[in-house]
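Work through these exercises with the sequence and the model side by side. Try each task before you read its solution.

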Amino acid sequence: ILNIIVIEKRYRNKDFSARDLAGELNTNTRYISAVINSRFNTNFSCLVNEYRVKEAMHRMADKRYADMTIEEIGSMVGFANRQSFYASFHRIMGETPNNYRKRHSAVK
C-alpha cells in the first residue's frame, strides 16, 4: 500500500482512489479500507492527504517554489481544489497554509 501511495507518489494524482489502489493490488476496496484502518488508524482519504500535506509543506518552505501560489502547490501535490487543501492542511497542521508558509519562508 505504501509503495504505491508513497514511493510511486500516486497521492499526487487528484483522481487516485481506494478503488484504484485495490485494483493494483488485485483485491477489493473493503479489504484496503480495513488494512489502512488497522495499520494506520485512519481512512484512505486521510492517509493520502497526509502525504499530500507533507509534500506541500516541503514545497512551501523551499525557496525554489517561492514564486508559486499556495493553490498551485496544493494542486501540484494532488488536491483537487483550494478548499480541500486548506481544510486538510489545517486539520493536520493546526494552522493555515498561509501561516505555515510565512513562518517558514522567514526562516530561510
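**Exercise 1. The end of a helix**

Which residue follows α6, and what is the sign of its phi?

Solution. Keep in mind that this is a predicted model. Go to the end of α6. The next residue is G94. Its phi is positive, near 75°.

**Exercise 2. Overall layout**

Count the helices and strands in the chain, then describe its extent and burial.

Solution. Start with the elements. There are 7 helices and 0 strands. In sequence order the pattern reads α-α-α-α-α-α-α. Next, the extent. Along the principal axes, the C-alpha atoms fill a box of roughly 45 × 20 × 20 Å. Then burial: 38% of the 108 residues count as buried. Finally, the contacts. Take those with a separation of 6 or more; 53% of them join residues 24 or more positions apart.

**Exercise 3. Helix α6 in detail**

Check the span of α6 against the expected value, then find its cap and its buried residues.

Solution. Step one is the span. Helix α6 covers residues 82-93, which is 12 residues. At 1.5 Å a residue, the expected span is 16 Å. The end C-alpha atoms lie 16 Å apart, so the two values agree.

Step two is the cap. N81 caps the N-terminal end of α6. A side-chain oxygen of N81 sits 3.1 Å from the backbone nitrogen of Q83.

Step three is burial. F85, Y86, S88 and F89 are the buried residues of α6. To read such a list, recall the helical repeat. An α-helix has 3.6 residues a turn, so residues three or four places apart point the same way.

**Exercise 4. Helix α4**

Compare the reach of α4 with expectation, and decide how enclosed α4 is.

Solution. Begin with length. Helix α4 has 18 residues. From first C-alpha to last, α4 reaches 26 Å, close to the 26 Å expected at 1.5 Å a residue. Now look at the start of α4. A side-chain oxygen of N43 comes to within 3.1 Å of the backbone nitrogen of S45. Last, count burial. In α4, 14 of the 18 residues are buried, so the helix is largely enclosed by the rest of the structure.

**Exercise 5. How α4 and α6 pack**

Is α4 roughly parallel or roughly perpendicular to α6?

Solution. Take the angle between the axes: about 90°. The axes are 10 Å apart. Angles of 65 to 115 degrees count as roughly perpendicular. That makes α4 roughly perpendicular to α6.

Now list the partners. From α4 come C46, N49, E50, V53, A56, M57 and M60. From α6 come F85, S88, F89, R91, I92 and M93. Sort the residues of this contact by type: 9 are nonpolar, 2 polar and 2 charged.

**Exercise 6. Two buried loop residues**

Find G78 and E95, and say what each one touches.

Solution. Take G78. It lies in the loop between α5 and α6. Its relative accessibility is 1%, so G78 counts as buried. Leave out residues up to four places away in sequence. G78 then touches Y11, R12, N13, K14 and R52. Check one distance too. G78 and N37 are 41 residues apart in sequence, and their C-alpha atoms are 22 Å apart.

Take E95. It sits in the loop between α6 and α7. Buried means under 20% relative accessible area. At 13%, E95 therefore counts as buried. With neighbours within four places set aside, E95 is in contact with F89, H90, Y100 and R103. One of these, R103, makes a side-chain to side-chain polar contact with E95 at 2.7 Å.

**Exercise 7. Positive phi outside glycine**

Where do N26 and N41 lie, and are they buried or exposed?

Solution. First, the background. Most residues other than glycine have a negative phi. N26 has a positive phi, near 55°. So does N41, at about 55°.

Next, place them. N26 is in the loop between α2 and α3. N41 is in the loop between α3 and α4.

Then read the accessibility. N26 is at 72%, so it counts as exposed. N41 is exposed as well, with a relative accessible area of 68%.

**Exercise 8. T29**

Classify T29 and list its contacts beyond four places in sequence.

Solution. T29 lies in helix α3. At 34% relative accessibility, T29 counts as partly exposed. Its contacts are A18, R19 and A22. The C-alpha atoms of T29 and F44 are 9.7 Å apart, with their positions 15 residues apart along the chain.

Notes
Residues numbered from 1 in each chain as written. Predicted model: local features only at pLDDT ≥ 70, side-chain atom pairs only at ≥ 80, totals over all residues. Heavy atoms only, no water. Helix = DSSP H or I, 4+ residues; strand = E, 2+ residues; numbered from the N terminus. Expected span 1.5 Å × (residues − 1). Buried < 20%, exposed > 50% of the residue type's maximum accessible area, 1.4 Å probe, protein only. Polar contact = N/O pair within 3.5 Å; in protein donor to acceptor, adjacent residues only side chain to side chain. Axes fitted to C-alpha atoms, helices over the stretch in contact; angles between N-to-C directions. Parallel < 35°, antiparallel > 145°, perpendicular 65-115°, else oblique. Contact = heavy atoms within 4.5 Å. Nonpolar A, V, L, I, M, F, W, Y, C, P; charged D, E, K, R; others polar.
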